[in-house]
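User: I would like to go through this structure by question and answer, with the reasoning spelled out at each step.

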Amino acid sequence: MYSYFALLIIYLPERETAMNSTSKKKLGVLGLSIISVNTILGLKNIPYAATVGPSAILFWVVAALLYFIPISLIVAELSTTYPEQGGISAWVNRAFGQKASFLCSWFYWVANFTYYPSLLLGITVNISYAINQHQIIDNNWLRTIIALTIFWSVTLLTLRGTKMSEKLAAIGTPIGLVVPVILIFGFGAISIFSGHQSATDFNAHTILPNNLSLDTVMFISTLMFAFAGMEMLGTIAGDVKNPQSTFPKAIGITSVIIGAVYILGTIAFQFVVNIKPDQTATALYLFADQVTEQFHLPFHLSQVLGICFVISIIGALSFLILNPSVMFYESGKNILQAALAKKNKSDMPANLILWQAAGVSVILLLSGFIPTISSAVNMLIFMATLAFFIPYVYLILAYIKLRKIDQSVIRPFKVKNNTLALIVAGAGLFSVVATIVLTLIPAPHTTLSQYAPLVVGPVIFGVLGLWFYQMGTRESKSLLKKAS
């Protein structure tokens, strides 16, 4: 997902220039498809999928059909119908009012409290391979200190504005995304077609799931998180030409490209190396080490990938830190207490960013007590998935309600048949709610210390969100009374 922010720094200046000109350039099918792919595609999802074996191929298809395509159609319709508002919180506000909009943005904001730590722990793995000091991975507190140092350094830079972040991201995206894709697919394909023995047995029996267990369904739910990010396109829907034709074509192209990358990448990955669930944090590097050995490379591919990923993630981290706080600020600036809604001289929502950093730091410190880095990353991803999917419930319900109460509005793109629209919304709602419910069901052999954060965390965040809303509205009413 983080490649989206780097792409924005290229797209937004062009968009601003276009807005100032007499003939504003609109996005066509190709442009929208490129932005969509950059918004969603994440290489770290491939090794996680590889842990389940060849049946991951089928699971990728199911995740796309149940989640990605329905959500894409819903976002396409809402963003082109209400382009001046653009965004989940605005659509939810239109359908259900200020309170629902605030809570939707709140959960979107706090979801990053657990997403960032998983990303930061990944950075420590990347650094350990980039400098060839693998012992960092097994030292819980050393990797926590490194992650905190990087996070706070970038956070403090973010408070000063985005110019430096723009330069870092412009360098980081091609290095961190394009180069690894070429290397992973290239060496994977060469390994397949050069006669090397596969590390995984591919046949009809292994590709088709032998049984549908709770673990299997939970795995599909987690893969759906790999397709998340389409809702961010709401901010550029007004710049799409001929939306009724462009959006469905772009969604089709995006689905094929992302699905193909995930499926082919998973196949190439499994052909080279067999990954176990407790190796997800280092899986890309195990792949690289195996390739280095197979082809007798004069360099360590894992070190090259480590350098690429470090540059990429650090380059994009400032935008990742800033975006949720800006979104939450925009939906809550009239509700949040003055201390929280304060901006600094660089026009950054400084206090929200600092509170976010404090929450991330606490979760990072707590993750230091988890024995292995893969266990910590997997738990944090589950927590992020749970909090991140709650806004999608608001999104889909808002779509259903707005289709019903706002029938007279012109919809440049729409699912024309009302029955089909309900089916699309129903499929998306089923997949999202199922993901939330299944995430709360403990897997076999899960300890209390591993399971408790999944339940306690969202409950605490939910209570805090309601408390902030009540405090904010009470303060607003008090100010209105004084003014009158």
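**Aromatic pairs, surface and loops**

Analyst: To begin with one residue of this predicted model, phenylalanine 309 has a relative accessibility of 6% and therefore counts as buried.

User: Which geometry does the ring pair of tyrosine 285 and phenylalanine 309 have, stacked or edge-to-face?

Analyst: In general, a pair of aromatic rings is described by the distance of the centres and the angle of the planes. For tyrosine 285 and phenylalanine 309 the centres are 6.5 Å apart and the planes stand at 80°. Planes over 60 degrees apart count as edge-to-face, so the pair of tyrosine 285 and phenylalanine 309 is edge-to-face.

User: Which helices does the pair of tyrosine 285 and phenylalanine 309 link, and is tyrosine 285 buried or exposed?

Analyst: Tyrosine 285 has a relative accessible area of 2%, and because buried means under 20%, this residue is buried. The two residues are 24 apart in the sequence and the pair links distant parts of the chain, with tyrosine 285 in helix H12 and phenylalanine 309 in helix H13.

User: How many aromatic pairs are there by the ring-centre rule, and how is the pair of tryptophan 106 and phenylalanine 468 classed?

Analyst: The count comes to 19 aromatic pairs. In the pair of tryptophan 106 and phenylalanine 468, the ring centres are 5.4 Å apart and the planes meet at 50°. That angle is neither under 30 degrees, as stacked would require, nor over 60, as edge-to-face would require, so the pair is tilted.

User: Where in the chain are tryptophan 106 and phenylalanine 468, and which aromatic cluster includes Trp106 and Phe468?

Analyst: Tryptophan 106 belongs to helix H6 (residues 98-130) and phenylalanine 468 to helix H17, so that the pair links parts of the chain 362 residues apart. Both tryptophan 106 and phenylalanine 468 are buried. The cluster that holds them is formed by Phe102, Trp106, Trp109, Phe328, Trp467, Phe468 and Tyr469.

User: Which residues form the nonpolar patch on the surface, and how exposed is valine 456?

Analyst: The patch has about 660 Å² of accessible area together and is made up of Leu440, Val455, Val456, Val459, Ile460, Val463, Leu464 and Trp467. Valine 456 is located in helix H17 (residues 448-483). Because partly exposed lies between the 20% and 50% limits, valine 456 is partly exposed, with a relative accessible area of 43%.

User: Which residues other than neighbours within four places does serine 191 contact?

Analyst: Serine 191 sits in helix H8 (residues 163-193) and counts as buried, at 0% relative accessibility. Beyond its neighbours within four places in sequence, serine 191 is in contact with His196, Phe271, Val272, Gln294 and Phe295.

User: What is the phi of histidine 296, and what is the phi of asparagine 242?

Analyst: Most residues other than glycine have a negative phi. Histidine 296, in the loop between helix H12 (283-295) and helix H13 (301-332), is exposed with a relative accessible area of 69% and has a positive phi of about 50°. Asparagine 242 lies in the loop between helix H10 (214-225) and helix H11 (243-272), and its phi, positive although this residue is not a glycine, is about 45°.

User: How far apart in space are leucine 397 and glycine 426?

Analyst: Leucine 397 is part of helix H15 (residues 373-405), is partly exposed at a relative accessible area of 36%, and touches Phe96 and Leu429, leaving out residues up to four places away in sequence. Leucine 397 and glycine 426 are 29 residues apart in sequence, while their C-alpha to C-alpha distance is 9.6 Å.

Terms used:
Residues are numbered from 1 along each chain as its sequence is written. This is a predicted model: local features need pLDDT of at least 70, side-chain atom pairs count only at pLDDT 80 or more; totals for chains, interfaces and linings use all residues. Side-chain values use heavy atoms; hydrogens and water are left out. Helices (H or I, at least four residues) and strands (E, at least two) are DSSP runs, numbered from the N terminus. Buried means under 20% relative accessible area, exposed over 50%, partly exposed in between (1.4 Å probe, protein chains only). Contact means heavy atoms within 4.5 Å. Patches are made of residues with over 30% relative accessible area and no salt bridge: like charges are joined within 9 Å, nonpolar side chains (Val, Leu, Ile, Met, Phe, Trp, Tyr) within 5 Å. Accessible areas come from the Shrake-Rupley method with a 1.4 Å probe; for residues, only the protein chains shown count as cover. A salt bridge is a side-chain nitrogen of Lys or Arg within 4 Å of a carboxyl oxygen of Asp or Glu. Rings of Phe, Tyr and Trp (its six-membered ring) pair if their centres lie within 6.5 Å; planes under 30 degrees apart count as stacked, over 60 as edge-to-face and the rest as tilted.
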